[in-house]
Amino acid sequence: MTASPILHAPQTAARRRAALDALAIGMPLLFLLAVLGWRLFGLSGVIGGVLIGSAGLAAFALHRIRPLDRDWLIRQLDARLPQFEDSSALLFVDARQASGFAALQRSRLLSRLPEAAQLDLAPDWSRRTISVMWAASAALIVAVFALPGAGQGLRTTAADSPAAVAGPPRIISTRLRITPPAYTGLPVREQASLDASVPQGSRIEWTVALDPAPASAALTFPDSVPVVLQQQSSSWTAGRTIDTPLLYRIEAPDLARQRLSRIDVVVDAPPEVRPEGTDSQLVMVRPGQTRWTPVFEATDDYGVQSGASLRITVTQGDGENITFIQRTATLTGSGPARARRFSTTLDLVGEGMAPGSDLIVQLVVSDNRTPDPQTVEGPSIILRWPSDLALADGLDGLAQPVMPAYFRSQRQIIIDTEALVVQRRRLPADQFVDRSNAIGGDQAQLRLRYGQFMGEKAEGGELVLPTNDEPAGIALPTNDAAPAPRRPVPLEDHTGHGHAEGEHPVEPGSPEAVLAQYGHAHDTGESSTLFDPATRSTLAQALDAMWGSERALRQGRPEDALPFANRALELLKEAQQATRIFLPRTGSNLPPIDLSRRLSGDREGIVADRLIRPTPPPQDTVPVRAWRALEERPASGRSAPLALAELERWVGSNRSRLSDPLALSAAIDTVRNEPGCIACRRRLRSLLWNALEQPSATVQRREASSERGRRYLDALR
């Protein structure tokens, strides 16, 4: 059992007195803050001052009440009631915890509780402090009313300030209220600046304060009709929906001409669709796979709709007998509106897939734009079931995905080799050797493909390199002496090389006959005339480096293969950059030779009398003249005439190719209204420089030298 409510009544009264005393002290400061906020910021200042003052006053009252806790009550009871015999703490102890003498003493105190009912523990009023606070606050409030406030100056109108009526109207304050379209989910915002960037389709409401009030006011736009401002009490208001970027200014009778303000429009971007869980748009069916779950992520700046369509196309057959089965499924996205995820699980057998079939899925989503949502078709993902996977029972483990040959390159072989070296510790020894051998096979295929350009032929699994001392097989039409006869060598058997007897009859004793009898040319055909000797040597070194790389990879030593592979890549790049290349022999398209003019010296129609100067591209003469006229010439004290009207027409006709035509139009208008503004002229000149079209790079004819220059050149000769 705890203490009786009789003991808590004096404590409650004391806390109430402390709170009221704190309010009496702090209330003058609350009034002062409210008056000061009203003078400076109007109604919003009053609300802010009251909120701040109330928070401070509550904190002050809590600070005054917090010390009046149970310990304070026990001390007060012991000090003011001697009959409690300094044992008041026993009244706040549970009876079950008191025993012996403590229980006896507690029962005696309970019989004396009525004596504490009349006890008054409330603290005294802080009369002096309260009087000082109220007096000081009253004096400060009077001073605030006597001095002009910033907010009061903003609210001054023609009726409140007779002295301002005599002058022309001035813009005292401006406010733009921007209401974005509902589908964007953006809040309504206000700003004081007349320049703004708003979403497309936003509604802007202008509020302008003019002092003194003119007879009329309007918002004028260079490219559209003006919007009349309506007067409401002491301000002028108007509204308009913004769909395209524009320039405007505030105009009124006798109002100084203002600079053009600008409103930019942020166009709603279409949604973007990206597949998740795969880096490629082609996915291969795994052995034993029966289901497939494609996942897409659709993102948009303002959000996409929760529903989307999934186009599912299944191809069946091969060759020219391919059939298509297409259907559409509706999906519901998950996650936030700006980044929704769409997924579904497809049954491969239920969709009609079989070995050699493709399952193509494509997501079609729309954003939340109203009234015309933007619909986007995302990238397609292809699930391919190769026919190689249709194996007999028990042979599934023999199916190995083989990368097409056209995907291999020397750089890819280096990347695969480096990745295998990094994974050495995580792979078993036999698997490591198998992967190294597979990369060696890729290196061999690449070497064979490049070897075709050198005239190599695969014989029994080995490559036969051509020799450089074999005869060319064609007699050159020169006066050089015939080469010395070679020592005959034993006739070799060349069966199996694809030669047919009597295929090309040759004269006995000719180089062709000697080559056919004693040699075998492997570098014949079109492949032997592709490259010049230097390029052939570089390519031969690259093949040797590839062979070294292949040998090390076949032996399970990828670390030793990397130097050869990198050397081969360098040599291939050098061969690709060769400056001379011989193409295969093809038919000539040269014009026929006129033998009747041979050795006659007649050059008519062969060489032109003079070079024809290329027609220069049309230059932007209007902006060029304006750019030169804007040049600062402090020495001369005068400037060239500036045709702003002509320049403005040029901007209107070339608006499509200019990067920022609004900025250029605003700069022209500013220079027209403020001809003495040096910074405005500099800005216009810089914008014109960026707007000039760069001339194409053409060869210019050298100007003819003067008489003095010709004499100088003659003296040099």
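This is a short tour of the structure, stop by stop, with a selection to make at each one.

**The whole chain**

Keep in mind from the start that this is a predicted model. Begin with the full chain in cartoon view, where you will find 16 helices and 23 strands. If you colour by accessibility, 33% of the 717 residues count as buried. Among the contacts in the chain with a separation of 6 or more, 68% come from residues 24 or more positions apart.

**Stop one: Arg175 and its surroundings**

Select Arg175, which sits in strand S1 (residues 170-179). Is its side buried or exposed, or something in between? Arg175 is partly exposed, with a relative accessible area of 37%. Now add Trp206 to the selection and draw a C-alpha to C-alpha distance: 6.0 Å, for two residues that are 31 residues apart in sequence. Show what surrounds Arg175 and, leaving out residues up to four places away in sequence, you will see that it touches Glu190, Gln191, Ala192, Glu205, Trp206 and Thr207.

**Stop two: Thr207 and Ser235**

From that list, move on to Thr207, a residue of strand S4 (residues 202-211). Thr207 has a relative accessibility of 16%, so it counts as buried. Which residues does Thr207 contact, once its neighbours within four places in sequence are set aside? On one side of the list are Ser173, Thr174 and Arg175, and on the other are Ser235, Trp236 and Thr237.

Follow the contact to Ser235, in strand S8 (residues 235-242). This serine is buried as well, with a relative accessible area of 15%. Beyond residues up to four places away in sequence, Ser235 touches Thr207, Val208 and Gln230.

**Stop three: aromatic pairs**

Next, show the aromatic rings. The count of aromatic pairs comes to five. Select Phe221 and Tyr248 for one of them: the pair is tilted, with 6.0 Å centre to centre and 40° between the planes. Phe221 belongs to strand S5 (residues 218-221) and Tyr248 to strand S9 (residues 246-251), so the pair ties together parts that are 27 residues apart in sequence. Both Phe221 and Tyr248 are buried.

For another pair, select Trp627 and Trp689. Their ring centres are 5.3 Å apart and their planes are at 35°, so this pair is tilted. Trp627 is found in helix H12 (residues 621-629) and Trp689 in helix H15 (residues 678-691), so the pair ties together parts that are 62 residues apart in sequence. Check the accessibility of each tryptophan: Trp627 is partly exposed at 22%, and Trp689 is partly exposed at 48%.

Before leaving the rings, add Trp206 to Phe221 and Tyr248. Ring pairs link these three residues into a cluster, and you have already met Trp206 among the contacts of Arg175.

**Stop four: the disulfide**

How many disulfides does the structure hold? There is one. Select Cys677 and Cys680 to see it, with the sulfur atoms 2.4 Å apart. A disulfide is a covalent bond between the sulfur atoms of two cysteines. The link of Cys677 and Cys680 is right-handed, with 70° about the S-S bond. Cys677 counts as buried at 18% relative accessibility, and Cys680 is buried too, at 9%.

**Stop five: two helix pairs**

Switch back to cartoon and select helix H13 (residues 644-653) with helix H14 (residues 661-673). Their axes come within 10 Å and cross at roughly 170°. H13 and H14 are therefore roughly antiparallel to each other. To view the contact, show Leu644, Ala645, Leu647, Glu648, Trp650 and Val651 from H13, together with Pro661, Leu664, Ser665, Ile668, Val671 and Arg672 from H14. By class, this contact of H13 with H14 has nine nonpolar, one polar and two charged residues.

Finish with helix H7 (residues 410-422) and helix H8 (residues 429-451), which pack at an angle of about 170° with their axes 10 Å apart. That makes H7 roughly antiparallel to H8. On the H7 side, select Gln410, Ile413, Asp416, Thr417 and Leu420; in H8 they meet Phe432, Arg435, Ser436, Ile439, Asp442, Gln443 and Leu446. Coloured by class, the contact of H7 with H8 shows five nonpolar, four polar and three charged residues.

Methods:
Residues are numbered from 1 along each chain as its sequence is written. This is a predicted model: local features need pLDDT of at least 70, side-chain atom pairs count only at pLDDT 80 or more; totals for chains, interfaces and linings use all residues. Side-chain values use heavy atoms; hydrogens and water are left out. Axes are lines fitted to C-alpha atoms, for helices over the stretch in contact, and angles run from 0 to 180 degrees between N-to-C directions. Helices (H or I, at least four residues) and strands (E, at least two) are DSSP runs, numbered from the N terminus. Angles under 35 degrees count as roughly parallel, over 145 as roughly antiparallel, 65 to 115 as roughly perpendicular and the rest as oblique. Contact means heavy atoms within 4.5 Å. Ala, Val, Leu, Ile, Met, Phe, Trp, Tyr, Cys and Pro count as nonpolar, Asp, Glu, Lys and Arg as charged, and the others, Gly among them, as polar. A disulfide is a pair of cysteine sulfur atoms within 2.5 Å. Buried means under 20% relative accessible area, exposed over 50%, partly exposed in between (1.4 Å probe, protein chains only). Rings of Phe, Tyr and Trp (its six-membered ring) pair if their centres lie within 6.5 Å; planes under 30 degrees apart count as stacked, over 60 as edge-to-face and the rest as tilted.
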